[in-house]
Amino acid sequence: MNTTPGLVCAHHHLYSTLARGMPAPPHTPTKFLEILEQIWWRLDLALDPEIIRWSAMLGALEALENGTTAVIDHHESPQSIEGSLSIIADACAEVGVRVNCAYGVTDRHGSEGAARGLAENDRYLSEGGKGMVGVHAAFTCSDETLQAAADLALRHQVGVHIHVGEGTDDHDAAQRLAPLATDQWMIIHGVHLEDDHGLAGTVVHNPRSNMNNSVGYARPARFTNPIALGTDGIGADMVEEFRLAFACHRQDDVTATPETSWQWLAAGWDLFPEAIDDRVTWNYDPMDAWHLAYTPGVRPVEVEIGDEIVWQNGESTRVDAAEIRARAAEQANRLHKKLADL
Ligand SMILES: [Zn+2]
């Protein structure tokens, strides 16, 4: 077998696609909260509609290039909230990638900022956009904001997409969220959750990001929740993320097998069932967990989404990839200049 359904990235931040090569932060972060403060919370403040659009275009193109046909995105752009989810959804539609959007609500910019974030989720979902209600994390939200997000999600019959226990700053998240969470929620990271944390929902494991932020290994095999895999914004190469998930699991437990990590990848199809009917033909046969765990360089030859071939022989059939890369590079320059001036 050298075909699979379309792969699913269960947690992405398409807005971070242009972060690579950004100027170094004013101070070298020494812990996770400082990484947020010095890097991501400065980056998200600098986002504007053009940067959001070309980040999403390039991120979607790179998803296709890796056989990922469905992306569950979590977005934050505090200076450019209104309409941001539609910019991302439109960019993905242009490239041909399926997307589920959420705006990450937070009280970091006051309760007015949180209200605008909730309104953006509500607007997008009310207009028929495919998505969830996003929340940044419990530790940057009041109980009122968490309750409002949970209520909004119930009203739209979707889940809440929220970072939980990524760093130690979020230590009381489970206690605060347990009364609100449903099976439709997506619990991102869970590194610092107790084994029996009591939260309903799917836990999304992002091994590369957790290593990059030095927050520790989530040991997702200990949870009874369904487990899925995401990249947390570092591309959308899900075969690579699977391979890394296995390596981390094996480092922690010598009896671990790649079949478990493959099940985590496959759980993406429960979150984004449309991708099951997509078809990716790979340059490797067989696409089997034990083979892939030890085989680098496995690439898609052809990607079919719905009934349309959107990727063939290393090229997009719908968009001009060179043009997207050039426009994205222009916007990356703008973004990096803005960051240097902040
Ligand atoms: Zn994230």
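Visitor: What makes the crossing of α2 and α3 right-handed?
Guide: In this predicted model, helix α2 and helix α3 (residues 84-95) pack at an angle of about 35° with their axes 8 Å apart. A crossing is called right-handed if the near helix is turned clockwise from the far one by less than a right angle. The crossing of α2 and α3 is right-handed, so the turn from the far helix to the near one is clockwise.

Visitor: Which residues of α2 and α3 meet?
Guide: From α2 come Pro49, Ile52, Arg53, Ala56, Met57, Ala60, Leu61 and Leu64, and from α3 come Ser84, Ile87, Ile88, Ala91, Cys92, Glu94 and Val95.

Visitor: How do the residues of that contact divide into nonpolar, polar and charged?
Guide: There are 12 nonpolar, 1 polar and 2 charged residues. Arg and Glu count as charged, therefore Arg53 and Glu94 are the charged pair in the count. Ser84 falls under polar, because Ser is on neither the nonpolar nor the charged list.

Visitor: Where does cysteine 92 make its contacts, not counting residues up to four places away in sequence?
Guide: On that basis, cysteine 92 touches Ala56, Ala60, Val71, Val97 and Val99. Cys92 is also one of the residues with the most contacts inside the largest nonpolar core, alongside Met57, Ala60, Val71, Ile88, Ala149 and Val164. That core has 98 residues. Helix α2 (residues 49-65) gives the largest share of the core, 10 residues.

Visitor: Why is isoleucine 51 called buried?
Guide: Let's set the value against the cut-off. A residue is buried if 20 or more other C-beta atoms lie within 10 Å of its own. Isoleucine 51 has 24 within that distance, so it is buried. This residue is found in helix α2. Leaving out residues up to four places away in sequence, isoleucine 51 touches Leu18, Gln331, Arg334 and Leu335.

Visitor: And why is isoleucine 35 called partly exposed?
Guide: Partly exposed covers counts between the buried cut-off of 20 or more and the exposed cut-off of 12 or fewer. Isoleucine 35 has 19 other C-beta atoms within 10 Å, so it belongs in between. Isoleucine 35 lies in helix α1 (residues 32-45). With residues up to four places away in sequence not counted, isoleucine 35 touches Pro29 and Asn213. Its C-alpha atom is separated by 30 Å from that of leucine 152, which is 117 residues away along the chain.

Visitor: Let's turn to the sheets. What makes β5 and β10 edge strands?
Guide: The open sheet of 6 strands runs in the order β5-β6-β7-β8-β9-β10, with parallel pairing. β5 (104-105) and β10 (227-229) each have a single partner strand, so one side of each has no neighbour in the sheet. Helix α5 (residues 143-155) packs on this sheet and touches β5, β6 (133-137) and β7 (160-164). The direction of α5 makes about 155° with that of β6.

Visitor: How do you know that β8 and β9 pair?
Guide: Pairing requires at least two bridges between the strands. Strand β8 (residues 186-189) and strand β9 (residues 202-205) have 3 bridges, in the parallel sense, so they qualify. Isoleucine 187 stands opposite valine 203 in β9. β7 and β8 pair as well, in the parallel sense over 4 bridges. There, histidine 163 has isoleucine 188 in β8 as its bridge partner.

Visitor: What makes β2 and β4 edge strands?
Guide: They belong to an open sheet of 3 strands, ordered β2-β3-β4 with parallel pairing. β2 (7-12) and β4 (98-100) each have a single partner strand, so each is left with one side free of a neighbour in the sheet. On average, neighbouring strands of this sheet are turned by 20° against each other, direction ignored. β2 and strand β3 (residues 68-73) pair over 4 bridges, and histidine 12 has aspartate 73 in β3 as its bridge partner.

Visitor: Which strands form a hairpin with 2 residues between them?
Guide: β12 and β13 do, and glycine 306 in the turn has a positive phi of about 65°. β12 and strand β13 (residues 308-312) run antiparallel and are joined by 4 bridges, with tryptophan 311 in β13 as the bridge partner of valine 303. Strand β12 (residues 300-305) also pairs with strand β11 (residues 279-282) in the antiparallel sense over 4 bridges. In that pair, valine 280 stands opposite valine 303.

Methods
Residues are numbered from 1 along each chain as its sequence is written. This is a predicted model: local features need pLDDT of at least 70, side-chain atom pairs count only at pLDDT 80 or more; totals for chains, interfaces and linings use all residues. A nonpolar core is a set of buried Ala, Val, Leu, Ile, Met, Phe, Trp, Tyr and Cys residues joined through C-beta atoms within 7 Å. Two residues are in contact if their C-beta atoms, placed from the backbone, lie within 7 Å. Axes are lines fitted to C-alpha atoms, for helices over the stretch in contact, and angles run from 0 to 180 degrees between N-to-C directions.
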